[in-house]
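Dear colleague,

I am passing on the structure we spoke about, and my notes follow below it. Please read them with the model open beside you.

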Amino acid sequence: MKPRHKRFIAIAAALLALGGAVALVLNAFQSNLVFFFTPSQVASKEAPVGRSFRIGGLVQNDSVARDKDGVTVRFAVTDTAHTIPVVYRGILPDLFSEGKGVVAQGRLEADGIFRAEQVLAKHDENYMPPEAAEALEKAHGGKKK
Amino acid sequence: MSAINWFKYSSPHSFYPLAGRMVPWFLGAAALFGITGLYVAFFVAPTDFQQGESYRIIFIHVPAAWMSMFIYLVMAGWAGAGLVFNTRLSGMMARALAPTGAMFTFLALWTGALWGKPTWGTWWVWDARLTSELILLFLYIGFLSLTAAIEDDRRADRAGAVLALVGVVNIPIIYFSVVWWNTLHQGASVSLKSAPKMATTMLLGMLLLAVAFWLYSLAAAMLRVRSIIREREPRAAAED
Amino acid sequence: MQWGSWAEFWAMGGYGLYVWGSFAVTLVCMAGEMTSLVLNERAAQTRNGEQA
């Protein structure tokens with residue numbers, strides 16, 4: 001291959017990479033700058049209607065229940081101000097648990113229930129051994145944050 | 001610090017042997033910190049209450065991510081210096097750093113994906129943190145491709161420098177992404193302003209490996225700049 | 001030592017694939033890059049030595 005052709009391909013590759021980056025940025029600005037909506041935002045109708053979006057918050061305590069078919073699971077997402085019920089058919093991630101963070105992607109149905117297509121667990125930035133976590137829980141025992 | 005000392009090593013000819021002498025020290029120190037860090041990571045740091053043993057990926061993931069951003073800033077710094085001072089060595093240093101920076105960016109993304117699957121439940125999401133780190137990889141690849149494409153070395157350095165400098169804005173975006181936007185990626189466990197949210201032994205392992213990666217990067221950059229000097233200015237590389 | 005056995009160590013609580021998949025790829029990349037750089041350096045020293 002002529003050096004000139006090699007150079008052309010290399011420059012095209014560089015431009016492609018740059019173009020890819022720009023496209024990603026533009027795409028992010030368009031729809032994904034808001035990665036998820038909070039239950040309060042969903043309640044105040046800020047979330048898009050009729051198309052898929054993500055809702056994020058905490059899994060409300062004592063809200064997780066499995067349907068009789070064994071596959072469907074229901075729970076509620078809360079940001080302590082508002083709560084949205086969610087229904088999901090599928091496997092839940094390991095870290096999914098009550099009181100912990102969750103991000104679900106799906107649609108808000110007419111009945112006010114969020115039908116999730118994907119449920120992801122969102123964990124916090126704390127890292128400590130189980131003993132430390134237990135001690136922390138005991139220390140906060142009576143106090144509600 | 002007289003002006004003479006400062007610029008003494010700014011010529012490829014005088015920097016070449018200095019870089020060569022530094023390599024074994026950087027590599028030796030990297031190995032020391034690396035082995036100690038790995039020992040702490042696997043045999044001292046306990047399991048995590050939340051993520052179990054999967055959290056141990058942090059010992060690679062965070063140091064690699066830190067390096068990916070830090071190397072880019074240093075690379076852009078050298079690139080900028082080359083543009084401003086028209087010094088040959090500056091452009092060479094930027095080109096010497098890029099491949100290692102790209103590698104650590106890839107490793108941050110790779111280990112992140114392997115960590116995300118068992119914890120979040122997905123290999124990838126287009127949230128602000130992950131997307132901006134991917135853009136960083138594209139910037140590195142763009143820099144490497146662009147500089148490789150231009151035959152004249154000095155012109156290639158200058159074109160790459162412009163690209164590198166334009167991309168610098170991405171670094172604070174990566175860092176603050178978890179603060180500015182809702183993201184799946186969690187916030188910072190370690191920051192300059194607040195106490196670490198990590199157990200001490202976990203933090204120690206992470207810091208030891210971060211230092212190891214940094215020393216490794218120095219060794220790689222020194223070796224690569226020597227290689228570049230040999231290519232561009234063979235007479236400067238001739239030992240006496 | 002906190003691992004009951006080597007088997008437990010490699011299993012990493014069920015996350016072995018993810019943890020070792022991370023460390024292994026990292027090792028391969030870094031060892032690969034450094035090896036290539038060192039070989040390049042050694043070859044240059046040999047050439048230089050022959051010319052001197």
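I begin with the second largest pocket, where the largest share of the lining, eight residues, is supplied by α3(B). Please keep in mind throughout that this is a predicted model. The pocket in question, the second largest, has a volume of about 820 Å³, and its lining is made up of 37 residues, among which Val62(B), Ala65(B), Trp66(B), Arg129(B) and His185(B) lie nearest its centre. The elements of chain B that give two or more residues to this lining are α3 (58-85), α4 (88-119), α5 (128-149) and α7 (170-180). Sorted by class, the lining of the second largest pocket comprises 25 nonpolar residues, 10 polar ones and two charged ones.

There is also enclosed space to report. The count of cavities of 30 Å³ or more comes to one, and about 100 Å³ of space lies in the largest cavity. Of the 13 residues that line the largest cavity, those closest to its centre are Gly82(B), Leu83(B), Gly91(B), Asp157(B) and Arg158(B), while the elements that give two or more residues to its lining are α3, α4 and α6 of chain B. By class, the lining of the largest cavity divides into six nonpolar, three polar and four charged residues.

Turning to the contacts between chains, I take chain B with chain A to start. Here 42 residues of chain B are in contact with 34 residues of chain A, and the area buried between the two chains is about 3,400 Å², of which 64% comes from carbon and sulfur atoms. On the chain B side, Phe49(B), Gln50(B) and Asn182(B) lose the most area to chain A, and together they account for 19% of what that side buries. One salt bridge is found across the interface of chain B and chain A; in a salt bridge, the side chains of Glu125(A) and Lys197(B) meet at 2.8 Å, N to O. The count of residue pairs in polar contact between chain B and chain A is 12, with both residues at pLDDT 80 or more. The elements of chain B that give two or more residues to the side touching chain A are α4, α5 and α6 (153-167), and the largest share, nine residues, comes from α5(B). That side of chain B has 22 nonpolar, 15 polar and five charged residues.

The contact of chain B with chain C can be described along similar headings. It takes 40 residues from chain B and 27 residues from chain C, and the two chains bury about 2,800 Å² between them, with 70% of it on carbon and sulfur atoms. The count of salt bridges between chain B and chain C is three, and Arg226(B) and Glu41(C) meet through their side chains in a salt bridge of 2.6 Å, N to O. Between chain B and chain C there are 11 residue pairs in polar contact, both residues being at pLDDT 80 or more. On the side of chain B that touches chain C, α2 (12-44), α3, α4 and α8 (200-232) of chain B each supply at least two residues, and the largest share, 11 residues, is that of α4(B). The residues of this side divide into 28 nonpolar, five polar and seven charged.

With best wishes

Conventions. Residues are numbered from 1 along each chain as its sequence is written. Chains are lettered from A and ligands numbered from 1 in the order in which they are written. Side-chain values use heavy atoms; hydrogens and water are left out. On a 1 Å grid over the protein atoms alone, a cavity is a set of points where a 1.4 Å probe fits but cannot get out, and a pocket is an open set with protein on both sides within 12 Å along at least five of seven lines; lining residues have an atom within 4 Å of a point. Grid points are joined across faces, edges and corners, and a volume is the space filled by probe spheres set on the points. Helices (H or I, at least four residues) and strands (E, at least two) are DSSP runs, numbered from the N terminus. Ala, Val, Leu, Ile, Met, Phe, Trp, Tyr, Cys and Pro count as nonpolar, Asp, Glu, Lys and Arg as charged, and the others, Gly among them, as polar. Contact means heavy atoms within 4.5 Å. Buried area is the accessible area (1.4 Å probe) that two parts lose on being put together, summed over both. A salt bridge is a side-chain nitrogen of Lys or Arg within 4 Å of a carboxyl oxygen of Asp or Glu. A polar contact is a pair of N or O atoms within 3.5 Å; within protein, one must be able to donate a hydrogen and the other to accept it, and residues adjacent in sequence count only if both atoms are side-chain atoms.
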